[in-house]
Amino acid sequence: MLTPEKKEFIEFMMSADVLRFGDFVTKSGRNTPYFVNTGNYRTGLQNSRLGEFYAAMVKETVGSEFDAMFGPAYKGIPLVTTAAGALARNYGIDKPFFFNRKEAKDHGEGGSTVGYKPKDGDRIIIIEDVITAGTAVRETMPVLAACGDVKVTDMFISVNRCEFGQNPEKTAIMEVEEEFGIRVHALVTVQDIHEYLQTKPEYENLLPLMEDYMSRYCVF
């Protein structure tokens, strides 16, 4: 159901040219008529507002029942930073955050992560942009496992594309939840975006392309 909050977030993404329409290729190699590129958030105000959207979702779902926040490189780095700031500023939930490097550093403090150093028993939440086929999640889990005996409980993303992963009968999010025991929360789903576009006559030509793609790759 398209709530006022979801509508606001969709329009926020579109205003920042983050939710884009055209001809794109996803990380999983699928040609898609819609694409979410959080790398297009470029201003301080956009980044601050984005953090508030994520922080509200974290507050509503897990509250303060976690120990640290992780942002996978690269796009997860600004996401976890702004979400942590908004969570502390708006709700008084001040939690540490950390992120990984693509390549381990062999000088200075060394290691493959920056920021908070997880301890055994820590409950970690992941702040990410989207999940399409689950590829990035499977790359992230070994990084976190190398930090210690931590438990990843929840993941927060901007958009649930509702696409199947390795199994054509299950979405990548379903697979992540089953394989790793992680609850995935999305600010909006592709169904929300589709419902929103149905109210906009200027996107009348896009809808059939979107519906065709969803019929081939999405599981509802």
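**Exercises on a pocket and two cysteines**

Helix H2 contributes six residues to the lining of the second largest pocket, the most of any element. The model is predicted, so local features need pLDDT of at least 70 and side-chain atom pairs count only at pLDDT 80 or more, while totals for chains, interfaces and linings use all residues. Residues are numbered from 1 along each chain as its sequence is written, and side-chain values use heavy atoms, with hydrogens and water left out.

**Exercise 1.** State which elements each supply at least two residues of the lining of the second largest pocket, and give the classes of the lining.

Step 1. Helices (H or I, at least four residues) and strands (E, at least two) are DSSP runs, numbered from the N terminus. The elements are helix H1 (4-15), helix H2 (44-61) and strand E9 (183-189).

Step 2. The lining has 13 residues, with Glu5, Phe53, Ala56, Glu60 and Leu187 nearest the pocket centre.

Step 3. Six are nonpolar (Ala, Val, Leu, Ile, Met, Phe, Trp, Tyr, Cys, Pro), five charged (Asp, Glu, Lys, Arg) and two polar (the others, Gly among them).

**Exercise 2.** Count the disulfides, then decide whether Cys162 and Cys147 are buried, partly exposed or exposed.

Step 1. A disulfide is a pair of cysteine sulfur atoms within 2.5 Å; the count is zero. For Cys162, the nearest cysteine sulfur belongs to Cys218, 5.9 Å away.

Step 2. Buried means under 20% relative accessible area, exposed over 50%, partly exposed in between (1.4 Å probe, protein chains only). Cys162 is buried because its relative accessibility is 5%. Cys147, at 21%, is therefore partly exposed.

Technical notes: 1 Å grid on protein atoms, 1.4 Å probe; cavity = no way out; pocket = protein on both sides within 12 Å on 5 of 7 lines; lining within 4 Å.
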